[in-house]
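Got your viewer open? Here's a short walk through the model, one selection at a time.

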Amino acid sequence: MATGETQLYAKVSSKHKGRSSTPSLLDPLLAMGFPVHTVLKALAATGRKTTEEAAQLRGHRSDPSLDDPIPQEYALFLCPTGSLLEKLQEFWRESRRQCARNRAHEVFPHVTLCDFFTCEDEKVEGLYEALRRAGDRVLGSFPTAVPLELHASISYLGFFINDSPADVIREFAMTFATDASILAGTVAHPPFMPPGGSHGPCLKLGRLGNLAAAQLVEPCLAFMKPYCTVKPNTKQLHLTLAHKFYPHHQRTLEQLARAIQPDHTCRWTAALYSRDMRFVHYQTLKVLFQYKPQNADELMLCPGDYIFVDPTQQEEASEGWAIGTSQRTGCRGFLPENYTERASEADTWVRHRRGVLVVRHGEGVDWVFGKSWLQRCSTADGKYYRPDLNFPRSLPTRSNGIKDFENDPPLSSCGAFQSRLAGEALLESGVRISAVFASPALRCVQTAKHILEELKLERKLKIKVEPGIFEWTKWEASKSTPTFMTLEELKEANFNVDPDYRPAFPRCSLMPGESYNQYTERCAVSMGQILGACPHDVGVTLIVSHGSALDSCTRPLLGLRPRDCADFAQLVRKIPSLGMCFCEENREEGKWELVNPPVKTLTHGANSAFNWRNWISGN
């Protein structure tokens, strides 16, 4: 599907009352000279993921609709994943090949929870918060199995969801709709809608899709309600397989549908989508070849561009040509039709993809001062003191005293600074961290805490301690598993840990000297637990662990087998402090993908110890 689809719903960061993530995203774009209302429009269209994506606003300098106060439309869908999604996608391909295109091919497999509604750009944060709240409330009761019953008529084929699972799903939709109407309900300006007010069928928004219009009808603002109204689906919940097909294709379509045999235990994901409301009834074309305009009234075409074409406004175009509006630039003009192919309506919608950011902890004192670091900073009676500025100012209290730090070392002062620097960069990038998991190692929990503090989320998000993502125990210096700080000790030390989280692997289950296969299997199971802990989430899950986790925790997501043990060891040695790997979920294809991390890498040089006495004696 469209590359722009990866952009949308990472739009929101902090949800503290009276505090918004907007300034960290606005400031770099405002510094480029764009006005505030234009920047807000660009951020809304790209999902407020990063300032770099929104900076594509430069391509819309000639867009005549750039200053129009036109909001986007949003919808909430329940989307299947895994093997069921693969079967449905196969049905989509075969039904199109054997029975031609029908209305269902315009959209991906989904169940509509809340149909399209308008929301002003600066109010979209409320939608994210509403979705998070709905997920928190319904998560415990969400059905583990969703039976799908095939239903067929002369013009419709699809799966119905009935009984108690449907009731829980409706409750989820109702909760979201209620909260969204309140949290995103007060708008500064009445939203724009085309004449007639019809939302029409689904049409997808791209990176700067809401900037891509020209010569459109005038806004009918006088008839709009000055608030966001979200209506949940109270009718029969269904997943459409085919719609408005030829009657003689019904038998073939039903045969293909029966071959799906849906898995009732499929994991479903709730996702917000956005579209440009001005192009709902337009045809969508995808550019195949580059075209340089020969005349001033022609469009520049680049492969992968999407062009919106109004079938009712083609009188001026000669045979083989069309008049359309470029999604990428917002400009309108003539284009050669044979340089394009028909695309699906949903190919220009924007959907947030759930992300997983795996981060190695900051520099530990043992990395700088060696295995005997504890002897350098402890007195004979077991008291801690600071022999070097790169030692932390103090250590948290532990029930067994200072000796437990020997195999569970803290961050160095530089390690704490590295962590805060990474958190500051994440805040500036606009990425929205929605859940945090950390290895029980103190240096990992500390790193997570510093990152959250810079993100202004230290009180909102609790750190979920997951022993299953701890380091490969074979690499531990001692022959026994380290004694970690308990949740009670961490809480007393001012770490905001989650006491209600039930980890995939309790601390007592970690085996000293485990095999490589045992370690990689432990990480794979833990990742399944982590993803399952927030299936309705719409942000980025932060995982703070060890260097090895950048490989062992991401390969299960990517569907890759563990790499060779020797290669694994060589790779991990090259991972620096605060090294990052970022995965995004492509739900349409049912897989995860490695993408560029939201922030740049952190590089610095070594700073060796200095003894002024040696310097004097040498001179």
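**Stop 1: Val-368**

Start by selecting Val-368, which sits in helix H8. Keep in mind that this is a predicted model. With a relative accessible area of 36%, Val-368 is partly exposed, because it falls between the 20% limit for buried and the 50% limit for exposed. Now ask the viewer for its contacts, skipping neighbours within four places in sequence: you should get Glu-363 and Asn-390. Then add Asn-607 to the selection. Asn-607 is 239 residues from Val-368 along the chain, yet the two C-alpha atoms are separated by 9.8 Å.

**Stop 2: the largest pocket**

What lies around Val-368? Val-368 is one of the residues nearest the centre of the largest pocket, along with Glu-363, Gly-364, Asp-366 and Trp-367. Show the pocket as a surface if you can; its volume is about 1500 Å³. The lining comes to 47 residues, and colouring by type gives 18 nonpolar, 17 polar and 12 charged.

Which helix gives the most to this lining? Select H8 again: it leads with four residues. Helices H9 (373-376), H10 (413-429) and H16 (565-572) are also worth showing, since each supplies at least two lining residues, as does H8 (365-369).

**Stop 3: a tilted pair that reaches H16**

Stay with H16 for a moment and pick out Phe-568, which is buried at a relative accessible area of 0%. Its ring pairs with that of Tyr-519: the centres are 6.0 Å apart and the planes at 50°, so the pair is tilted. Tyr-519 belongs to helix H13 (residues 516-532) and Phe-568 to helix H16, so the pair links parts of the chain 49 residues apart. Tyr-519 counts as buried too, at 0% relative accessibility.

**Stop 4: more rings**

How many aromatic pairs does the structure hold? There are 26. For another one, select Phe-77 and Phe-108: with ring centres 5.9 Å apart and planes at 70°, this pair is edge-to-face. Phe-77 is in strand S1, while Phe-108 is in the loop between H4 and strand S2 (111-119), so the pair ties together parts 31 residues apart in sequence.

Buried or exposed? Phe-77 counts as buried at 1% relative accessibility, and Phe-108 is buried as well, at 9%. Widen the selection with Phe-116, Tyr-273 and Trp-349, and you have one aromatic cluster that includes both of these phenylalanines.

**Stop 5: helix H4**

Next, select residues 82-99, which make up helix H4. Put a distance between its end C-alpha atoms and you get 25 Å; at 1.5 Å a residue, the 18 residues should span 26 Å, so the two values agree.

Which residues of H4 are buried? Show Leu-84, Leu-85, Leu-88, Gln-89, Phe-91, Trp-92, Glu-94, Ser-95 and Cys-99 as sticks. These buried residues pack against strands S1 (72-80), S4 (156-161), S5 (237-243) and S6 (268-275), and against helix H7 (250-258). Step past the end of H4 to Ala-100, where phi is positive, near 70°.

**Last stop: zoom out**

Finally, switch to cartoon for the whole protein, with its 17 helices and 18 strands. Colour by burial and 56% of the 619 residues come up as buried. As for contacts between residues at least 6 apart in sequence, 80% join residues at least 24 apart.

Methods. Residues numbered from 1 in each chain as written. Predicted model: local features only at pLDDT ≥ 70, side-chain atom pairs only at ≥ 80, totals over all residues. Heavy atoms only, no water. Expected span 1.5 Å × (residues − 1). Buried < 20%, exposed > 50% of the residue type's maximum accessible area, 1.4 Å probe, protein only. Contact = heavy atoms within 4.5 Å. 1 Å grid on protein atoms, 1.4 Å probe; cavity = no way out; pocket = protein on both sides within 12 Å on 5 of 7 lines; lining within 4 Å. Points joined across faces, edges and corners; volume = space filled by probe spheres on them. Nonpolar A, V, L, I, M, F, W, Y, C, P; charged D, E, K, R; others polar. Phe/Tyr/Trp six-rings, centres within 6.5 Å; stacked < 30°, edge-to-face > 60°.
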